[in-house]
Amino acid sequence: AKAEGRGTWRFFEPGMDAEILKRRQFEAELRRALIEEQFELHYQPLLAAEPQALVGFEALVRWRHPRRGLVQPGEFIPLAEEIGLIKSIGAWVLRKACADAAKWPSHIKIAVNLSPLQFMDGDPVRDVELALAASGLPAERLELEITESVLLQDNETTLSSLHRLHAMGVRISMDDFGTGYSSLSYLRRFPFDKIKIDRSFVHALAQDTGSIAIVRAVIGLGKALGMDVLAEGVETAEQLRILKLEGCDELQGYLFSRPQPVQDVAEMIARYAQG
Ligand code: C2E
Ligand code: CA
Ligand code: CA
Ligand code: CA
C-alpha cells in the first residue's frame, strides 16, 4: 500500500506541473486577447411584459479564441478577476457596449455587467464617463448590473461610486437577486432602479408553489420600493404566463432570444417593432 502511495504521488506531481503550465498559458493568452481585441459582445433582448415590447439589451462578453473558438464568460471572467485583468476587460466592455448602443433607436437601453473587482481596485466612474463621452450615449440609456457581492465589504468607496453613477443618470440593477444572503439590507442601503430575479427561481416556477410565492414577494417588494422587477431565464410559455399574471415588469430569456452577435441586433429590433 505504501509503495502504491508513493507511486501515486510520483505520478501526481508532474500532473500538477502540467496544470500550472496550462494555467500560465491561459493567462498569457488572456492578456494577448485584450491587446488583440479578441473579445466580442453578444446581446440578449430585455422585454417589457405588458404590452410586450423590446426595451433594451444585456451585453454579454465572449472570447473569440484563435484556436479554442468561442469561450463563454464563466470560463475566463474568474481568471481575469484573479490576475487583475478584469478592470481592462470591463472598461473595454463598457466602451464597446456604449458605442454599439449609441447606434440603436433612442428608446433601447443597454445593460452592462460590472465585476465587484472593478469597484475594489478600478475606477468604474471614470470608465463609465469615458465610455459615455466617447460614444455620445446619454447616461439614462445605460444600466449597470451588479451583484450583492459588490456591496459585501460595505466599502465607502464602492457606495460613493454607485451614488455618483446614479447621480449622473445611470441606472443600477441588482443582478441574480435571491442568490446571495443579505439581499434585503442591501436593497435598503442603496437605491437600485431594478431587481433581476435570478433564473433559478424562474426555472422552478411551473413546478412548485414555493417559487411562485418567492417571485410574488420580490415583485411586491420591488413595487413597494419603486424598483422595476425583471425575471431572468424565462424559457417556457408557462413561466411567461405566471410572470405576467404576477405583474412582473420585464422579461429576459431563451424563450425570446439567446444572446446574439451585434450583427443580429438590427434584425431583433425590427422583429419586435412588428410586434
Ligand atoms: P448573468 O449576468 O446572470 O447573465 C445571464 C446569463 O444567463 C448569460 O450567460 C445568459 O446567456 C444566460 N441566459 C439568458 N437567458 C437564459 C435562459 O433562458 N436560460 C438559461 N439557462 N440561461 C440564460 P453568459 O452569457 O454565459 O454569462 C454568464 C455570466 O458571466 C453572467 O451572468 C455574468 O455574471 C458574467 N458576465 C457576462 N458578461 C460579462 C461582462 O461583460 N462583465 C462581467 N464582469 N461579467 C460578465
Ligand atoms: Ca447580468
Ligand atoms: Ca443574472
Ligand atoms: Ca448569473
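# Three calcium ions and a pocketed ligand

E145 is buried, with a relative accessible area of 2%, in this predicted model. The residue belongs to the protein donors of the calcium ion (ligand 2), which are E58 (OE), N113 (OD1), E145 (OE) and D175 (OD), lying 2.1 to 2.4 Å from the ion. Along the chain these donors follow the spacing E-x54-N-x31-E-x29-D. The pair N113 and E145 links distant parts of the chain, since N113 lies in strand β4 (residues 109-113) and E145 in strand β5 (residues 142-146), 32 residues apart. In contrast to E145, which is buried at 2%, N113 has a relative accessibility of 28% and therefore counts as partly exposed, given that the buried class ends under 20% and the exposed class begins over 50%.

From this site the path leads on through D175, which bridges the calcium ion (ligand 2) and the calcium ion (ligand 3), the two ions lying 3.9 Å apart. D175 is itself buried, with a relative accessible area of 7%. At the calcium ion (ligand 3), the protein donors are D175 (OD), D176 (OD), E232 (OE) and E232 (OE), at 2.2 to 2.6 Å, and in sequence the donor residues are spaced D-D-x55-E.

D176 then carries the description to the calcium ion (ligand 4), because D176 coordinates both this ion and the calcium ion (ligand 3), which are 3.7 Å apart, where coordination of calcium is counted within 3.2 Å. The calcium ion (ligand 4) is coordinated by D176 (OD) and D176 (OD), at 2.9 to 3.0 Å. This residue lies in strand β6 (residues 171-177), and with 25% relative accessibility D176 counts as partly exposed, whereas D175 is buried.

D176 also leads to the remaining ligand, for a polar side-chain atom of D176 lies 3.3 Å from an oxygen atom of ligand 1. Ligand 1 sits in the largest pocket, and the protein covers 82% of the 800 Å² of accessible area that ligand 1 has on its own. Of the 21 residues around ligand 1, those that come nearest are Q44, R62, R199, E235 and Y254. Two of these residues can be followed in atomic detail: an N or O atom in the side chain of Q44 is 3.0 Å from a nitrogen atom of ligand 1, and an N or O atom in the side chain of E235 is 2.5 Å from a nitrogen atom of ligand 1. In terms of secondary structure, β2 (53-65) and β6 each supply at least two residues of the shell around ligand 1, and the largest share of that shell, four residues, comes from β2. Strand β6 thus recurs in the description, as the element in which D176 lies and as a contributor to the shell around ligand 1.

Beyond strand β6 the chain can be followed to G178, which is placed in the loop between β6 and α7 (183-189). At 33% relative accessibility, G178 counts as partly exposed. The C-alpha atom of G178 is separated by 9.1 Å from that of I214, a residue 36 residues apart from G178 along the chain.

Definitions and conventions:
Residues are numbered from 1 along each chain as its sequence is written. Chains are lettered from A and ligands numbered from 1 in the order in which they are written. This is a predicted model: local features need pLDDT of at least 70, side-chain atom pairs count only at pLDDT 80 or more; totals for chains, interfaces and linings use all residues. Side-chain values use heavy atoms; hydrogens and water are left out. Donors are N, O and S atoms within 2.8 Å of the metal (3.2 Å for Na, K and Ca); water is not among the atoms, so sites may look incomplete. Buried means under 20% relative accessible area, exposed over 50%, partly exposed in between (1.4 Å probe, protein chains only). A residue is near a molecule or strand if one of its heavy atoms lies within 4 Å of it. A polar contact is a pair of N or O atoms within 3.5 Å; within protein, one must be able to donate a hydrogen and the other to accept it, and residues adjacent in sequence count only if both atoms are side-chain atoms. Accessible areas come from the Shrake-Rupley method with a 1.4 Å probe; for residues, only the protein chains shown count as cover. On a 1 Å grid over the protein atoms alone, a cavity is a set of points where a 1.4 Å probe fits but cannot get out, and a pocket is an open set with protein on both sides within 12 Å along at least five of seven lines; lining residues have an atom within 4 Å of a point. A molecule sits in a cavity or pocket if more than half of its atoms lie within 2 Å of its grid points.
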